[in-house]
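Subject: Handover of a structure and its description

Dear colleague,

Please find below the structure that I am handing over to you. I would ask you to keep it open while you read the notes that come after it.

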Amino acid sequence: MYKVLLADDNALSRKAVRQSVSWKNNGCKIVGEAENGVKACQMIRELRPDIVLMDIRMPGMTGLEAIRCLKEEGIDSLYILITAYDDFAFAKEGIQLGVFDYILKPVAEKELQRVIQKAVYDLTQEIQDGEKEKRRRLLNESICGNSSAMEELQGACERAGGRFQDYCIILVSSEPGIEDILLQEIQKSCELRLPVRLLWTRNKEGTVFLCSFQELQMIREYHLISLKVAEQIQGWLQKREITAVISISEVTKKTADIPFLYEHAVFARNSRFFLENQKVIHYESLRSRSIRNEYEMMEELEAFYLSCRNQPEKIEENLGCFLQCMEKSGNYDARYVKDILIQVGIMMTCQVREKDMGRFSKNADQIIKELSECKTAREAYTWLQEYAAQLAGSSSSAARLSAPARRILEYMNQHFQEHLSLQDVSDALDISSSHICRVLKNETGETFVTLLNKIRIQEAGRLLQEGKWKVYEVAEKCGFSNYAYFYQLFKKETGISPTEWK
């Protein structure tokens with residue numbers, strides 16, 4: 001029952017209001033009456049009614065003054081003003097104060113009934129919305145592993161009606177996000193067409209639905225129903241031109257399993273790294289198809305490592321064989337596979353550098369960053385294949401260099417940060433300057449200065465990408481004493497300025 005308080009200085013008016021409506025049939029009960037504004041404030045503070053019918057003109061304190069005072073104290077009952085025609089200006093002020101509605105004197109029975117029913121409906125909706133918000137909060141906390149929230153969620157969902165014993169998590173990752181009004185329409189549609197109850201919330205991964213099945217079924221039937229729910233969601237989103245990937249967890253009976261269900265749904269969503277064109281992905285189908293033989297994968301990785309070390313010039317061919325093995329493995333753990341691919345990229349780099357063949361290879365940070373940004377397995381495989389081709393080209397070129405050329409380039413790579421001159425290299429290696437120039441020109445097609453600048457610019461690009469130093473500091477670290485010359489040379493070699501590269 002909603003509590004109602006009447007405030008009017010006219011006893012006959014209070015009696016008319018009291019007798020005009022069947023308060024009990026409307027789910028209400030009159031808990032008090034006040035004949036002036038001051039007493040109304042006192043009673044409202046004590047009784048905390050849900051609905052207050054307040055006359056505007058009362059002795060001691062007007063109805064508007066009373067409402068203003070109570071609202072300042074944070075007492076947010078539903079205030080309904082009772083006013084005469086010549087008080088309409090006051091009624092307008094009341095609307096600005098946030099009163100719920102107003103009724104003209106003399107009070108008409110039908111009008112009073114309409115306003116009370118409207119007030120009761122709004123209060124009921126407010127309570128229901130508060131309960132929904134509470135259940136959403138509890139779902140979020142349950143996902144994070146809060147055991148007390150899981151227990152409370154069980155009770156809250158059972159009180160909301162329906163069966164709450166078998167359920168799964170459906171994760172919708174969409175671009176853009178889904179508005180509340182659309183989520184409410186989706187929920188209503190699914191619950192109308194399928195034997196389910198849905199509770200949704202949002203987090204960093206997207207929109208999370210807790211789907212509880214309303215009929216006792218075999219597990220296989222639950223999987224089919226959850227797929228139908230996902231198809232319904234997908235249909236609604238497609239109508240709004242919202243792109244989404246929907247992933248479904250397995251089914252459980254325990255609220256304590258909610259964090260694991262959520263992890264399964266995220267895992268299934270991440271498997272789109274391999275299943276590029278699939279919009280709905282069920283964890284159960286992935287689990288039945290995956291082969292998680294890490295020992296076999298480690299054996300293949302070790303074989304690739306040996307082939308890189310013994311035949312670096314065939315790194316591209318060896319990588320192709322390894323990637324074929326990866327594809328056949330059927331492993332759908334995106335994080336695990338990305339880690340393996342990053343290891344492969346770093347391994348290739350280390351091996352060619354060990355042979356002094358990777359002067360233009362990427363560092364570990366670059367490999368991790370660029371592979372982590374790949375959205376699909378095919379994209380990651382392509383990245384590695386292109387990088388392997390680059391390293392293979394570097395390896396082939398280096399393999400053709402003479403011993404003196406390799407000595408010269410090795411020294412330049414080790415000392416480019418210094419103010420290195422041709423004479424410095426000549427003195428350090430005991431090779432004449434003219435012979436150094438001739439060897440470099442004949443075997444690389446470049447002059448000493450051009451090669452030195454290329455080595456320095458490559459390192460500058462790497463340092464700029466790390467973002468730890470200012471541009472002038474990078475120039476100094478790479479052996480440039482003239483900032484303007486460095487800026488001009490960097491733009492000439494890369495096509496963009498150092499600040500744009502950064």
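The notes below go from the whole chain to its two sheets and then to a single residue.

Please bear in mind that this is a predicted model. The chain has 502 residues, and buried residues make up 46% of them. Its secondary structure consists of 22 helices and ten strands. About 25900 Å² of the chain is exposed, and carbon and sulfur atoms supply 49% of that area. If one takes the contacts between residues at least 6 apart in sequence, 65% of them join residues at least 24 apart.

The sheet with parallel pairing

In what order do the five strands of the open sheet with parallel pairing stand? The order is E2-E1-E3-E4-E5. The edges are occupied by E2 and strand E5 (101-104); each has a single partner strand, so one side of each is left without a neighbour in the sheet. On average, neighbouring strands of this sheet are turned by 20° against each other, direction ignored.

You may wish to begin with strand E1 (residues 2-7) and strand E2 (residues 28-34), which run parallel and are joined by six bridges. To get from E1 to E2, the chain passes through helix H1 (residues 11-20), and this β-α-β crossover is right-handed. Two pairs of residues can be picked out here: Leu-5 has Gly-32 in E2 as its bridge partner, while the bridge partner of Val-4 in E2 is Ile-30. As general background, side chains in a regular strand alternate between the two faces of the sheet.

Two helices deserve attention at this sheet. H1 lies across E1, E2, strand E3 (51-55) and strand E4 (78-83), and runs at about 175° to E2. Helix H3 (residues 63-72) also packs on the sheet, where it touches E3 and E4, and its direction makes about 170° with that of E4.

The sheet with mixed pairing

A further open sheet is formed by five strands in the order E7-E8-E6-E9-E10, and its pairing is mixed. Strand E7 (196-203) and strand E10 (280-282) are at the edges; each has a single partner strand, so one side of each lacks a neighbour in the sheet. Here, too, neighbouring strands are turned by 20° against each other on average, direction ignored.

Within this sheet, E6 and strand E9 (residues 243-248) pair in the antiparallel sense over six bridges. Ile-170 stands opposite Ile-248 in E9. Helix H7 (residues 180-193) packs on the sheet and touches E7 and strand E8 (206-213), with its direction at about 160° to that of E7. Helix H9 (residues 258-270) packs on the sheet as well, touching E6, E7, E8, E9 and E10; its direction makes about 40° with that of E6.

A residue to examine: Asp-166

Asp-166 is found in the loop between helix H6 (147-159) and strand E6 (167-175). Is Asp-166 buried or exposed? Its relative accessibility is 2%, and a residue under 20% is classed as buried, so Asp-166 counts as buried. The side chain of Asp-166 makes a polar contact of 2.7 Å with the side chain of Lys-253. Leaving aside residues up to four places away in sequence, Asp-166 touches several others, including Cys-211, Phe-213, Tyr-222 and Val-251.

With kind regards

Technical notes. Residues numbered from 1 in each chain as written. Predicted model: local features only at pLDDT ≥ 70, side-chain atom pairs only at ≥ 80, totals over all residues. Heavy atoms only, no water. Helix = DSSP H or I, 4+ residues; strand = E, 2+ residues; numbered from the N terminus. Buried < 20%, exposed > 50% of the residue type's maximum accessible area, 1.4 Å probe, protein only. Contact = heavy atoms within 4.5 Å. Areas by Shrake-Rupley, 256 points an atom, 1.4 Å probe, with all protein chains shown as cover. Pairing = 2+ DSSP bridges. Right-handed = clockwise from strand over helix to strand, strands pointing away. Axes fitted to C-alpha atoms, helices over the stretch in contact; angles between N-to-C directions. Polar contact = N/O pair within 3.5 Å; in protein donor to acceptor, adjacent residues only side chain to side chain.
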